[in-house]
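Please follow this explanation with the model open beside the text. It begins with a pair of helices and then turns to individual side chains.

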Amino acid sequence: MHARIFRASLRREWQLLRRRPWDVAMISWVPLLSVALIWWIFSAGIPTRLPVGVWDADHSALSRQLVRFLDAAPGLRVAEHYDDELQAEHALRAGRVYGVVEIPREFARDVKRGHAAQVTLLHNAQFSSHSGIIQRDVRTAVGTLSAGIEIVARNKRGEPLRAAKLAAEPIRASLANLFNPSLDYLQFLGMALIPALLHIFAMAAGAWSVGTELRDATIAAWRDASMQGQGRMSFLAALLGKLGIPFLSLSAVGVFGLLAVIIAGGMHPAGSLAFTLLALMAMLALSIALGAVVAAATRSLRTALSVTGIVTAPAFAFSGAAFPLSAMPASARLWADSLPFTHYLRVQIEQLQMGAPLRYSMPALIWMPALALALLALAARALNKAARQPETWGAR
């Protein structure tokens, strides 16, 4: 009986979608285009050749050597040269460069006399990623030049070259990047944005599928065509049939999108890719169920879509990918833990990048489908009640 109701509801939803090309677009090629856009944006993986300016007030051979070191750094490109502070400030404010390296007068003379010479970096910290890369490469270039000068000076004083190299850097930090060693933005940022976008599309699809039946006052037609006079418990089967197409379509987009990005980006998942894809489908099912239950409870498509925006739009910001969860206030962490995307992203990072044992990620794959079914049962109960109150139909 329930299988017959499911098939009837699924068939009716398919017929509706055939007459609504834009509804089909929002669960098919529009999400797919969004995934392709994200891949295109982050396809370079690592930001390189960020434009910086140089204000060389010394114009010596040593200062020109430093400029060559800066331009040779992978993250930097010396795009402009300035003669005074006003030019440098104007370039920063105009956004033509993200940083300006100031080499002071008497730079080479101070170095030759054994005095400390200071190189100043003025950078736009509003662009945090740009700023971090520029600071790292400027430190590397200046440190390389400084170490070279120290080694040459010690060697000229008769110290063996090997001993001079050790003396120039007596303490060395050994940094080991355990996960994402290349600092690839496609891996940690692009791969996180793809499910974040699909999370938005999925919850909107659930709210739209149920909300349009109430808005267009067709809930009775849906009930009669699907349930065929069966009991109220059959509304769950009808709801599953209505939401089946959005779930399958968005799951196909999500699986294809992640696989395409992984293959095109040359990534090698450290853990279980299949488990991650199952978790993605579970997250999409939960998102669709959230949209459906909000639409059924409020009986308003407008309200359901508004709640969708409130829940899904800031989900990425609260996920811990951009700002650490441990640094958030307790109330923010509580909100983050209540969002399904936060838990899915943790699974994705654990499996695709960290190679964590499945037992650490398994709970999310258990409670997300279970919660989705519970929410759909609540939505079915609310829709069954709404179907007996025609005066509430037609609300926007």
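A crossing of two helices is called left-handed if the near helix is turned anticlockwise from the far one by less than a right angle, and right-handed if it is turned clockwise. The model to which this term is applied here is a predicted one. In it, helix 12 passes helix 16 in a left-handed crossing. Helix 12 covers residues 273-298 and helix 16 covers residues 358-387; their axes come within 8 Å and cross at roughly 25°. Because of that angle, helix 12 counts as roughly parallel to helix 16, the limit for this description being under 35 degrees. Sorted by class, the residues in the contact of helix 12 with helix 16 comprise 27 nonpolar, one polar and no charged residues.

Charged side chains enter the account with the salt bridges, of which a search of the whole structure finds twelve. One of the pairs lies in helix 5, where the side chains of Glu 89 and Arg 93 meet with a nitrogen-to-oxygen distance of 3.1 Å. How far apart are Glu 89 and Arg 93 within helix 5? They are four residues apart in this helix, residues 85-94, and are therefore separated by about one helical turn. Glu 89 has a relative accessible area of 36% and is therefore partly exposed. Arg 93, by contrast, has a relative accessible area of 70% and so is classed as exposed, the cut-off for that class being over 50%.

A further group of salt bridges involves Arg 109. The side chain of Glu 106 meets that of Arg 109 in a salt bridge at 3.4 Å, N to O. Arg 109 also forms a salt bridge with Asp 110, and here the closest N and O atoms are 3.9 Å apart. Is Asp 110 buried or exposed? With a relative accessibility of 18%, Asp 110 counts as buried, since the buried class takes values under 20%. Arg 109 is partly exposed at 37% relative accessibility, and Glu 106 is likewise partly exposed, with a relative accessible area of 35%.

Elsewhere, salt bridges link several residues together. Arg 12, Glu 13, Glu 213 and Lys 242 are joined in a network of such bridges.

Glu 106 deserves a second look for its backbone. Its phi is near 60°, a positive value in a residue other than glycine. Where is Glu 106 placed? It belongs to the loop between strand 3, residues 99-103, and helix 6, residues 107-112. A positive phi is also found at Arg 49, which is not a glycine and has a value of about 55°. Arg 49 is located in the loop between helix 3, residues 29-42, and strand 1, residues 50-56. Its relative accessibility is 35%, and Arg 49 therefore counts as partly exposed.

Helix 3, which precedes the loop that holds Arg 49, also contains Ser 34. Which residues does Ser 34 touch, if those up to four places away in sequence are not counted? They are Leu 197 and Phe 201. Ser 34 has a relative accessible area of 17% and is therefore buried.

Methods:
Residues are numbered from 1 along each chain as its sequence is written. This is a predicted model: local features need pLDDT of at least 70, side-chain atom pairs count only at pLDDT 80 or more; totals for chains, interfaces and linings use all residues. Side-chain values use heavy atoms; hydrogens and water are left out. Helices (H or I, at least four residues) and strands (E, at least two) are DSSP runs, numbered from the N terminus. Buried means under 20% relative accessible area, exposed over 50%, partly exposed in between (1.4 Å probe, protein chains only). Contact means heavy atoms within 4.5 Å. A salt bridge is a side-chain nitrogen of Lys or Arg within 4 Å of a carboxyl oxygen of Asp or Glu. Axes are lines fitted to C-alpha atoms, for helices over the stretch in contact, and angles run from 0 to 180 degrees between N-to-C directions. Angles under 35 degrees count as roughly parallel, over 145 as roughly antiparallel, 65 to 115 as roughly perpendicular and the rest as oblique. Ala, Val, Leu, Ile, Met, Phe, Trp, Tyr, Cys and Pro count as nonpolar, Asp, Glu, Lys and Arg as charged, and the others, Gly among them, as polar.
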